[in-house]
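Let's walk through this one together, a question at a time. Please have the sequence and the 3D view open.

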Amino acid sequence: MRRSPRPFGITRGAEHTLVYTNAAFCRLAGIADTEAPRVPITTVFAGAHGEALSALLDRASRDRVELLDEHVDASSEGASGWQCSVWPVTADNAKVEALAIEIRESSPSDAVLELQRQVAEQMLLGALRERGLADDAETADRAKTAFLRAMSHELRTPLNAIGGYIDLLDLGLRGPVTEDQRADFARVRNNQLHLAALITEILNFARLGSGSVAYAISDVNGCDALRHAVELIEPLIAQQGLVFDGVSGDSSIVARADPEKVTQILVNLLSNAMKFTPAGGHISAECAVMNDAVTLSISDTGLGIPAEKLETIFEPFVQLKEGLSDREGGIGLGLSISRDLARAMKGDLTVESTEGKGTRFTLSLPAKSG
């Protein structure tokens, strides 16, 4: 529970004193990573944030209801806003003993709806128009918009509720928990997070298509970027019985790019290498300079990619079907998103592969001048 990726806490009393906080909650609040600060939530979150959260907790306690995906506006403080869910923990006499709260960052609802609209335009509307079915396309456009609006609520809201209740059960608030039950909770939580990630992947793809992604270009040390990406998933590499051979290259190489986008691309490439490399295989990373461009490469000794699929793997919703298909965890958008991000930063993403021997993906970025 302490390792849950989303900020989660439990409060008690009229002042909503925090009696439990996980590590993610502590990071969000900017407080020490302890079991609980034992102070009112308005002390931890000052100003508009604290007042809004306290009001949300008041409403859940007073009405004894779950509040799921409630928007907390943080625009006045330069943030995009939060989505908060609150669950009352009641005793046998229906008295509210505590309140559980989960917080996640969100985009404004209008922006989310626009992203959803872009997905449908690329997947459905465009295909119909190519066949000259303009009237059908407009009808489908209206139906698609209504469907995707419902999808945002009908999928995300119960997913967040599932995660929240699993956290409550794991804490033992409904009774003692055995180790076998904790293992089952972990499986449920992992699948809940996986499905939420798939939805996020679709929205990220749509955001790229709409041109609404912002880029904060700065100096990026190539070797440091590779090491940071590896650190994020290195435990998973070991769990799958793979060997990481390290990061090689000149540690003084610097590119011009958005650091967060670079990390996103590299983590996706490393994840793909893990998916398609059998146990005992090797993964490596390299930083170099070639023709005034910085190249960051991820290589593996996995299954390789058939020559006829080397270009199509960058198409949206395309996945390799051969071998290890039971380990595929996405919906075929990761490489498409990664290449679009690279090209938006005036770089590119390319691949070299020999079937049966392995694959090498190379992210190229503009080198720092001077």
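Q: Is K368 buried, partly exposed or exposed, and at what relative accessibility?
A: Keep in mind that this is a predicted model. Buried would need a value under 20%, and exposed one over 50%. K368 falls in between, so the lysine counts as partly exposed, at a relative accessibility of 45%.

Q: Which residue forms a salt bridge with K368?
A: Side chains of opposite charge can pair when their charged atoms come close. For K368, the closest N and O atoms of the pair are 2.9 Å apart. The partner is partly exposed, at 37% relative accessibility. That partner is D219.

Q: How many residues apart in sequence are the parts that D219 and K368 tie together?
A: D219 sits in strand β6, residues 218-221. K368 belongs to the segment after β12, which spans 358-366, so the pair links parts whose separation in sequence is 149 residues.

Q: Which residue of helix α7 forms a salt bridge with R227, and how far apart are the two in sequence?
A: The closest N and O atoms of this pair are 3.1 Å apart. Both residues are partly exposed, R227 with a relative accessible area of 38% and its partner at 44%. About one helical turn separates them within α7 (residues 222-239). The partner is D224, and the spacing is 3 residues.

Q: Are D258 and K261, which form a salt bridge, buried or exposed?
A: Their closest N and O atoms are 3.3 Å apart. The cut-off for buried is under 20% relative accessible area. D258 has 4% and K261 has 12%, so both residues of the pair are buried.

Q: Which residue caps the N-terminal end of α7?
A: Look for a side-chain oxygen that lies 3.2 Å from the backbone nitrogen of C223. The residue that supplies this oxygen is N221.

Q: What span should α7 have, and what distance separates its end C-alpha atoms?
A: The helix has 18 residues, counted at 1.5 Å a residue. The expected span uses one less than the number of residues. The two values agree: the expected span is 26 Å, and the end C-alpha atoms are apart by 26 Å.

Q: At which residue does α7 have a kink of about 55 degrees?
A: The kink comes shortly before the proline P235. The residue in question is also one of the buried residues of α7, a list that includes L226, V230 and I237. Elements that cover those buried residues include β6, β7 and α8. The kink lies at I233.

Terms used. Residues numbered from 1 in each chain as written. Predicted model: local features only at pLDDT ≥ 70, side-chain atom pairs only at ≥ 80, totals over all residues. Heavy atoms only, no water. Salt bridge = Lys/Arg side-chain N within 4 Å of Asp/Glu carboxyl O. Helix = DSSP H or I, 4+ residues; strand = E, 2+ residues; numbered from the N terminus. Buried < 20%, exposed > 50% of the residue type's maximum accessible area, 1.4 Å probe, protein only. Bend = angle between axes of the 7 residues up to and from the residue. Contact = heavy atoms within 4.5 Å. Polar contact = N/O pair within 3.5 Å; in protein donor to acceptor, adjacent residues only side chain to side chain.
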